[in-house]
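Please open the model in your viewer and keep the selection tool at hand. We will walk from one part of the chain to the next, pausing at each stop to see what is there.

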Amino acid sequence: MSREPTLPTSLTPVSQSHLRLLDQRLLPTSEVYLDCKKVADVIVAIQQLSVRGAPAIGLAAAFGLLLEMDDYPDDAGIIRERLTAEGQALISARPTAVNLSWAVNAMLSFAASHAANLGAPGWRDRLFGAALELLEADRSACWRIGEIGADLVRTHPRVLTHCNAGSLAVSAYGTALAPIYRAHSLGAPVSVWVDETRPLLQGSRLTAFELMAHQVPCQLITDNMAAHVMASGAVDMVLVGADRVAANGDTANKIGTLGVAVLAKHYGLPFYVACPWSTIDLETTSGADIVIETRDAEEVRTIQGVASAPDSVPVYNPAFDVTDAALISGFITERGLIKAPFFETLREASQLD
Ligand code: MRU
């Protein structure tokens, strides 16, 4: 993995009033960008998964929050009122990934702690600077995750992953894919089983695309093939990302992750979760308290817009599931490799800031 990613970037803050987002719905066939100038543009992009992946939606929201600042008067009270209202609207766009509220709240805290300067000359630049710092912090967290997780991948080079936790889902490098890229660049004989990830195909459209761009050997499978591949002895470890990790280690990630974790347990394979600290939510006690987003039925009745079921068949479409902490071998974070008992070790790592 070189320090410079070779893939299209998921989000580019062109200026304080202009956020450019890669429309990930159209990958891998087209590279199209959305030019967001209004907070509502970013909310729609998050809801429609043009920008997706927990850290990326958090960063999009941090920059999205600032897009309409030119319309605000230089009045600290009004600025904070507007930011708080826009922040709430952004947080409501999707419920499961904690990175969304984490990033908005980080921006609101910055505004609160600089309240005295909020209407003073340069206030817009200062807020934009705070969002750029979040972007940079995510880049370095992902780089560290790659370095910390690379040894695991070197000793377990045949990895199965689910969904997309690569550079498209973050600022750069990825979370689950970062250790894979790092180990590959260090010469390890890495190969990746890529779960297709129905209904929206983040595995086949995005992860396979990323791995091919980095020339990491990979094979695409449909989700129902994972058990067969594991049973045949062709997998050394499972490595996935996360949308929210509760205080006890229960982890929400893309629907289908739980099934993969159960399978890994059955076949005696290590199951690791890679995520930045912004995904750890010590305020949420356990997985039972995580809100799981349910999405439109059409996503299940169709595949890439083509009908694959009767028009009106009733559908259940949860976008995420929760993997029990007992199924997780460890968390690869920028604060180190965290092992059970997670309630204690996550709390200890939270003191490391
Ligand atoms: O619905 P999505 O595509 O936003 O879901 C993404 C995932 O579940 C990822 O695995 C997770 O956000 C980690 S991204 C580093």
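In this predicted model, begin by selecting helix α1, residues 39–47, together with helix α3, residues 76–91, which pack at an angle of about 15° with their axes 9 Å apart. Since angles under 35 degrees count as roughly parallel, α1 and α3 are therefore roughly parallel to each other. If you now show the side chains, you can find Val 39, Val 42, Ile 43 and Ile 46 of α1 meeting Glu 86, Ala 89 and Leu 90 of α3. The residues of this contact divide into 6 nonpolar, no polar and 1 charged. Turn the view until you look through one helix at the other, and note that the crossing of α1 and α3 is right-handed.

Next, select helix α5, residues 123–155, and helix α6, residues 177–185, whose axes come within 6 Å and cross at roughly 65°. How do α5 and α6 lie relative to each other? They are roughly perpendicular, because angles of 65 to 115 degrees are counted that way. The crossing, in which α5 passes α6, is right-handed. On the α5 side the contact includes Cys 142, Trp 143, Ile 145 and Val 153, while on the α6 side Ala 178, Pro 179 and Ile 180 are among the residues taking part. Taken as a whole, the residues of the contact of α5 with α6 divide into 9 nonpolar, 2 polar and 3 charged.

Now move on to the strands and colour the open sheet, in which 7 strands follow the order β6-β5-β4-β7-β10-β15-β16 with mixed pairing. At its edges stand β6 (218–221) and β16 (336–338), each with a single partner strand, so one side of each is left without a neighbour in the sheet. Neighbouring strands here are turned by 25° against each other on average, direction ignored.

Within the sheet, zoom in on strand β4, residues 158–161, and strand β7, residues 237–240, which pair in the parallel sense over 2 bridges. Here you can locate Leu 160, which stands opposite Val 238 in β7. Then add helix α9, residues 257–266, which lies across β4, β5 (191–195), β7 and β10 (271–274) and runs at about 145° to β10.

Finally, zoom out and colour the chain by its domain assignment, which gives domain 1 as 11–138 and domain 2 as 148–350. The centres of domain 1 and domain 2, taken over C-alpha atoms, are separated by 26 Å. Where the domains meet, 25 residues of domain 1 are in contact with 26 residues of domain 2.

Methods:
Residues numbered from 1 in each chain as written. Predicted model: local features only at pLDDT ≥ 70, side-chain atom pairs only at ≥ 80, totals over all residues. Heavy atoms only, no water. Axes fitted to C-alpha atoms, helices over the stretch in contact; angles between N-to-C directions. Helix = DSSP H or I, 4+ residues; strand = E, 2+ residues; numbered from the N terminus. Parallel < 35°, antiparallel > 145°, perpendicular 65-115°, else oblique. Left-handed = near helix turned anticlockwise from the far one by under 90°. Contact = heavy atoms within 4.5 Å. Nonpolar A, V, L, I, M, F, W, Y, C, P; charged D, E, K, R; others polar. Pairing = 2+ DSSP bridges. Domains from an automatic or database assignment.
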